[in-house]
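Here is a friendly walk through one structure, section by section. Have the viewer open as you read.

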Amino acid sequence: MKFPGYLLLLFAGFMAVAVPAQEPTYYHYSVKEGLPSSEIYDIIQDRSGFIWVATDRGVSRYDGYEFFNFSTQDGLTDNTVFNLQEDSKGRLWCITSNNRLCYFSGDSIVAYRYNDALLKFIGTNDRYKNIRSFLVDEQDNVLLGFLGESYVSISNTGKTERKKINGNSKRHYNFDFRFVNGKLAMTCQKLEDPQTDAVFTYDFGAGRKELVVESSPMRAGSYFVGTGRRDGSVVLGTAWTIYYFREKQTPLQIEMPGPIIRIYEDTDESLWISMRQQGTMRFPKGQIPGQAEGRRFLPGKTVSAMFRDREGGMWFGTLEHGLYYQPSPNVKTFFSEESGLPHRIVSICKGPGNIVYAATVKGKVLRFTSDSLTGEIDLYENKNTLELNKDICYDARTNRLIAVTESNMVEIDFDASPAYKPMGGHLGGNRAVLFDPADPSFIWIGRQGYVIRLAEDQISKQPGRRQVYMFNSRIDVLCFTKRFGLLTGTSDGLFVIDKDSARRLFPGEDLLRSRISAIAELPDGSVAFGTIGRGLLILQNGKVKQFTVAEGLPSNILNALALDEDGLLWAGTNRGVSRIELENDSIHVHNYTVANGLPTNEVRELMASGPFLWIGTSDGLCILNRNDMQSAGNPPLIILRKILVNGTERMRDSLASLRYNENMLDVIFTGLSYKSKGDILYRYRLSGADTGWRYTRNTSVRFMSLSPGDYTFEMYARNSDGLWSSRPVRFTFCITQPYWRKWWFIISVSLAVLVLSWFLFSARVKRLREKEMMKRRIVEYQQKALASQMNPHFIFNSLNSIQAFVLGDDKESVMKYISRFSLLLRRSLDNSMEPYVSLRDDLDVLRAYLDLESMRFKEKINCEVRPAPALDLSRICIPAMLIQPYAENAIRHGLLHKTSGTGSLVIGLEMENGNLVCSVDDNGVGRELAEKLQAQRVNHRSAGTSITGERLELLCREAGKDYFFEIIDKKNAAGEALGTTVRFFLPYTLR
């Protein structure tokens, strides 16, 4: 891309190369990790805790897990963003290369509403080609600094006006306006001779103060950067020059080794100054360039932005390599291609004064003074058999340094030539070496399976003056203690060596049979042991106390122990370094890991010397100032990202009343702890559903099928330092009861149930009563039917017929009639006792009756019963005496009055659509004439058919059958009666 003119000035300069002896640990972020570009202009942390990065390809927001990028497609006024500022309302403002402003409001980007007025004001004036800086005050007034004759003010109503300095509008001056820490700063120089005169003006609050610099070449023009410091001083930089001044004091002019890119004051009041391709330099509080030598970071890179976050981590933006994050500048890692680091450190020991010695697994012995590498010896050089194995040891009484190699022991003197010499005796492969504290002429050597006490002058002789103590295990550590003498840590536990023998210390204590990897005697006389797998052991007053990860240790594998000058115990584990404070029967642990700047969590060696803790790791040697590590840091912030209800995002305000079926809740959150690198533990609970805390490392939780009720969600986050957030994420919500569980619905339903139950009960009682009444009526009608069938008139007529047969001396007819009459009486009485009889039995009774009637009328009537052949007369059962009344009615009212021809009565039975249909057909005089004749009779009532009809209807209703009754008057073409047909349904059951 083409940079604006002032950026070309910013980038101008010469490249300087510096190779330091040490560097902090950085984490690097580029396009590969999600940044939109590796060209960074500004970094800021907003009040919520997010890190924002301005690049030439948009703005990126980082939450410790991933980068969220914003571009013109999301609302930016241009993708090249030079400057970021957060106003008093929490809006993040951006200044872009096209001189338009915009700001973030939540996740939305809003263009500044007076951009058109601003562009109209700028027009084509080259002096207002680029906005240098801007300021948004609490009333939303905007101040803009340009490279021109004035700066610009835009009020919150859109009024635009130029602001001039002292009314100066001379065109032969070149002005550069900036807003530094909310105050106006400017430079101006004569265009006629820009190399000889410059004026800096800064607003201290009480009034503008001018700093005139005469005969000072500015080299790169009038472009400048600066900062106002907390102590009241002002630091401005332009080209290669730093101008430092305070009110009423003589200003200082300091030349720098490169073109100045950025000036930043840290939260601890240290000053950072970055230069083109020379990294950035840090000057602690009270120090300024020219008076102190600053410490350089990221050499060879152009650092365009610096920022310290709330956890104390430093962020560096570069113009060519993206973003760098440094968890702690206090942890320094030594690296040098010449020294062979980073390599695994196998041993560290304290030398004379402030000298420290360290050894690597690749055969190098290093010498450090304070925190600088001052010498190194390569024991492996040209000697394939001298690769370093385990230990180095220094004796202050004799000022001698001994190192154990694979094939021998060597004595090292960095100031001699040669720097080392073998001690002989074929004592290579040792795992531990220690000068005897009582007699430095003796050396203790730990090997595989035994420990040797050997006079130094006899090392090369066999057998010499030596004592050998045998073990069945590997020797890992030797340590002299005031109370127990020489303690030996082995793979089989702890032993003590006296003049005569080696024995277990407290043999009945199972914990002391653990693999002992480190030993340290504490100020109170107790002894600490590091173990491989069983944590930290403290031997005090004959008792052993065990402390593991349950008490806060990062691991139960301890590789090293060290005691500092303050009596604090430090432990090196395979998961970092622990500072341990012992208090009675408990410990307080604070852990340091890669999140605090360690190059790796695998710590193999520790040594405390003065204020420094030297840490040997599998990735080289690092050093930290213990005084800088006392602070536990800041707890993480928690950002509630989204709340989803049934998969749909909802605002907190809408959670006061959720429907009963809105009962699936997703909570999406982020714990902001950049040094933890995503290693954040969350604990949460849902009051109303959970009785205790739940733990997770995910950034979302889901609650399924929540019951109606009131709930409160709470969540805390814990960073890698073990600190829990001080303010939790908390919100409440309510899932309402379904309408069928609300009081009004329950009462309504209860009342409805009561009313319905009453109605059902009443209906049931009514039905039972009706059924009982129906049964009674059926029985009653059955009795009436029997009575009507056996009425005195019928019996009288029958007896008269018998008498007539007797008088006529017709014995055969008498016998036949009496037989039929007795059968009718017996069968009628039998059938009247059953609710249902077989169709065969009922038809037999019917035929007996019809035979009597036919004999009584002297064969003038032909009666016939015709059941359909398909009917099973034995299986089909019907109520008794339902057909006979209609047959009787047909004979008495239809056939009896017939004056000509023979009367015919046909009774048919058949199935139609599942119904049993009975038809009674006669060729009598018809209903019309029968009714007239009936009306002439006095005191005669025929109730048989009416009783049977009512009975038939009741029986059909009881049996759940259809009721059907039909009377058909048969007539010829002339309208004369030909008889009557009665059709009706018979209720039936099957056997």
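## A four-stranded sheet

Ala528 has Ile538 in S47 as its bridge partner. In this predicted model, strand S46 (residues 527-531) and strand S47 (residues 536-540) are paired in the antiparallel sense, with four bridges between them. Strands of a sheet are held to one another by backbone hydrogen bonds, in either a parallel or an antiparallel way.

The two strands belong to an open sheet of four strands, ordered S45-S46-S47-S48 and paired antiparallel. Strand S45 (516-521) and strand S48 (543-547) are at the edges with a single partner strand each, so one side of each has no neighbour in the sheet. From one strand to the next, the twist averages 20°.

## The largest pocket

If you are looking for a place to set up a grid, you may like to see the largest pocket, which has a volume of about 1,700 Å³. Its lining takes in 50 residues, and the closest to the centre are Ile348, Leu478, Ile519, Leu561 and Leu606.

Which elements give two or more residues to this lining? They are strand S31 (345-350), strand S35 (388-395), strand S39 (432-435), strand S41 (466-481), S45, strand S49 (558-563) and strand S53 (603-609). S45 is also an edge strand of the sheet described above.

## A second open sheet

Another open sheet has four strands in the order S57-S56-S58-S61, again with antiparallel pairing. Here strand S57 (648-649) and strand S61 (700-703) are the edge strands, each having a single partner strand, so one side of each is left without a neighbour in the sheet.

Strand S58 (residues 665-672) pairs with S61 in the antiparallel sense over four bridges. Within this sheet, Asp666 stands opposite Arg702 in S61.

## A hairpin with a glycine in its turn

Further along the chain, strand S69 (residues 965-971) and strand S70 (residues 977-986) form an antiparallel pair over seven bridges. Phe965 faces a residue of its own kind across the pair, as it stands opposite Phe984 in S70.

Five residues lie between the strands of this hairpin, where Gly975 takes a positive phi near 90°.

## Backbone details to check

Two backbone spots deserve a look before you prepare the model. The peptide bond from Ser417 to Pro418 is cis, and its omega is near 0°. Pro418 sits in the loop between strand S37 (409-412) and strand S38 (420-422).

The other spot is Asn99, a residue other than glycine with a positive phi, near 65°. Asn99 is in the loop between strand S8 (92-96) and S9.

## Charges and a nonpolar patch

How many salt bridges does the count come to? The count is 38 salt bridges, taking a side-chain nitrogen of Lys or Arg within 4 Å of a carboxyl oxygen of Asp or Glu. One salt bridge joins Asp107 and Arg61, whose closest N and O atoms are 2.8 Å apart. Asp107 is in the loop between strand S9 (101-105) and strand S10 (108-111), while Arg61 is in strand S5 (residues 58-62), so this pair ties together parts 46 residues apart in sequence.

On the surface, Tyr660, Tyr739, Trp740, Trp743, Trp744, Ile747, Leu751 and Leu754 make a nonpolar patch of about 910 Å². Among these residues, Leu751 has its place in helix H3 (residues 743-789).

Notes:
Residues are numbered from 1 along each chain as its sequence is written. This is a predicted model: local features need pLDDT of at least 70, side-chain atom pairs count only at pLDDT 80 or more; totals for chains, interfaces and linings use all residues. Side-chain values use heavy atoms; hydrogens and water are left out. Patches are made of residues with over 30% relative accessible area and no salt bridge: like charges are joined within 9 Å, nonpolar side chains (Val, Leu, Ile, Met, Phe, Trp, Tyr) within 5 Å. Accessible areas come from the Shrake-Rupley method with a 1.4 Å probe; for residues, only the protein chains shown count as cover. Two strands pair if DSSP finds at least two bridges between them. Axes are lines fitted to C-alpha atoms, for helices over the stretch in contact, and angles run from 0 to 180 degrees between N-to-C directions. On a 1 Å grid over the protein atoms alone, a cavity is a set of points where a 1.4 Å probe fits but cannot get out, and a pocket is an open set with protein on both sides within 12 Å along at least five of seven lines; lining residues have an atom within 4 Å of a point. Grid points are joined across faces, edges and corners, and a volume is the space filled by probe spheres set on the points.
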